[in-house]
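Pulled this one up to poke at how the domains sit and what lines the ligand site. Notes follow.

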Amino acid sequence: MTRLADDCFAADPVPLTVEAALERIRDRLQAVTGTETVPLDAGLDRVLAEDVVSPIDVPPHDNAAVDGYAVRSADLAPGGGEMAVAGRVAAGHPLDRTPSAGAALRIFTGAPVPEGFDTVVMQEDCWESDGRVRLPVGLRPGANVRLRGEDVRRGAVSLAAGRRLGPGDLGLAASIGRTALTVRKRLRVAVASTGDEVTEPGEDLRPGAVFDANRHTVKALLARLGCAVTDLGILEDDAGTIARSLAAAAEDHDVVMTSGGVSTGEEDHVRAAVAAHGRIDAWRLSVKPGRPVALGVIGGRAFIGLPGNPVAAVVAFVTLARPVLLALAGARIAAPARYPVTAGFSHAKKPGRREFLRVRLEPGLELGRPPVAVKAGPDGSGILSALAAADGLIDLGEDSEGLAKGETAAYLPFNEVMR
Ligand SMILES: Nc1nc2c(c(=O)[nH]1)N[C@H]1C(S)=C(S)[C@@H](COP(=O)(O)OP(=O)(O)OC[C@H]3O[C@@H](n4cnc5c(N)ncnc54)[C@H](O)[C@@H]3O)O[C@H]1N2
Ligand code: MOO
């Protein structure tokens with residue numbers, strides 16, 4: 001297991017943009033997980049650790065794209081014409097002889113197109129009777145033939161290391177004959193909540209207490225990322241307990257993650273616990289919600305402290321923690337795609353802090369017009385119901401002075417950042 005240097009996340013206390021924050025640590029972030037070989041079907045959502053090179057051409061042979069008749073285009077008269085049907089070739093049953101010149105072959109989808117034949121005519125356009133077939137006019141040479149290697153060339157990298165494997169990737173690996181893939185071991189993440197008021201659902205809600213929402217959203221976000229999650233529960237606000245729990249978790253996890261207690265520092269035993277076993281750097285991001293975030297190194301492992309406000313925790317996770325976790329997991333990170341939408345509401349904003357608004361897209365499609373986004377609920381950073389009702393975030397840049405109804409805005413779908 002790779003250990004991180006203590007100053008891995010060192011940063012100035014001035015408010016940073018998410019991009020600037022990520023840029024600062026980009027070079028220091030590397031895969032910390034080992035590799036393992038898993039059966040192909042266990043590869044879904046795993047991070048590929050090898051370049052998968054194809055040992056074969058796919059398709060392995062020229063083959064028919066439709067049911068019909070194979071011909072040699074050189075034999076075709078421009079005005080169509082008639083030919084003898086000299087044989088039959090079905091998928092999985094290549095012809096074992098060379099058919100005579102000037103004749104057509106009955107052929108079926110996927111069947112190997114025999115040497116010399118280069119065009120397949122759809123059966124709907126042909127008329128066969130008495131062993132002869134009438135072909136239509138205007139055939140295009142090469143039509144309806146799928147060429148050997150047109151999908152994957154032998155020797156080509158069909159899947160590159162760092163890719164998070166999706167269903168199509170597993171099919172592609174199978175199509176070149178793979179039965180197993182070398183992937184990164186799952187990033188092991190230990191998750192805790194902190195705060196005297198934070199109570200596990202199911203327990204009594206004492207006066208002044210709230211149920212723990214964050215651990216449950218964070219565990220779900222981590223599961224979607226393919227992490228192996230250990231639940232440390234709610235840590236009692238006691239310096240010794242927190243220090244012992246986090247330091248112990250750092251021994252056999254790649255990342256230790258908490259929420260709460262990152263804004264002001266008083267009563268903050270998390271900060272002291274991390275500092276005692278490594279180093280903690282408080283970051284202030286120019287983001288709303290999700291401003292205070294702590295990054296650090298504890299016992300040589302990454303520490304990520306998310307803000308306590310439940311929506312701030314999610315925004316800090318998807319904007320900052322997620323790319324950090326993916327890099328540590330060995331995944332190549334691409335900036336999430338954002339799409340233009342029309343604001344179905346107006347929103348006032350002061351310049352200076354980037355702001356994410358919880359929205360959902362109105363159903364219905366009008367081609368040529370961006371979809372309309374409406375607010376999914378109130379804006380407060382504690383309002384989880386608006387997060388649950390949202391399908392994405394409108395991303396208002398630092399300089400933005402708000403949105404007028406009908407304006408175009410950048411929309412970040414949750415399926416870009418919650419997978
Ligand atoms: N004087 C200042 N106060 C605050 C600032 C600031 O800059 N100066 N920043 C505000 C912002 S922005 C945020 S976000 C919060 C973040 O504070 P902490 O990370 O220290 O979080 P806590 O104070 O522990 O909790 C904040 C809030 O969230 C609730 N909470 C915490 N954990 C959970 C949980 N697991 N499940 C549900 N709810 C949770 C907690 O009860 C508080 O209501 O600070 C602002 N204040
Ligand atoms: O990060 Mo805090 O939630 O901006 O409100």
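I looked at domain 1 and domain 3 to begin with: their C-alpha centres lie 27 Å apart. The bounds, from an automatic or database domain assignment, are 6-34 + 185-328 for domain 1, 63-146 for domain 2 and 339-413 for domain 3. I noted that this is a predicted model, where local features need pLDDT of at least 70, side-chain atom pairs count only at pLDDT 80 or more, and totals for chains, interfaces and linings use all residues. Residues are numbered from 1 along each chain as its sequence is written, with chains lettered from A and ligands numbered from 1 in the order in which they are written.

Next, the contact (C-beta atoms, placed from the backbone, within 7 Å). I found 12 residues of domain 1 touching 11 of domain 3. On the domain 1 side, H6 gives the largest share, five residues.

Then I checked how H6 packs on H3 (helices are DSSP runs of H or I, at least four residues, numbered from the N terminus). Their axes, lines fitted to C-alpha atoms over the stretch in contact, come within 10 Å and cross at roughly 20 degrees on a 0 to 180 scale between N-to-C directions. That is under 35 degrees, so I logged H3 and H6 as roughly parallel. Asn214, Thr217, Val218 and Leu221 of H3 meet Pro310, Ala313, Val314 and Phe317 of H6.

Last, which helices each supply at least two residues of the shell around ligand 1? H3 (214-224) and H6 (310-328) do. I get 24 residues around ligand 1 (C-beta atom, placed from the backbone, within 6 Å), and Asn214 is among the closest.

Definitions and conventions: Parallel < 35°, antiparallel > 145°, perpendicular 65-115°, else oblique. Contact = placed C-beta atoms within 7 Å.
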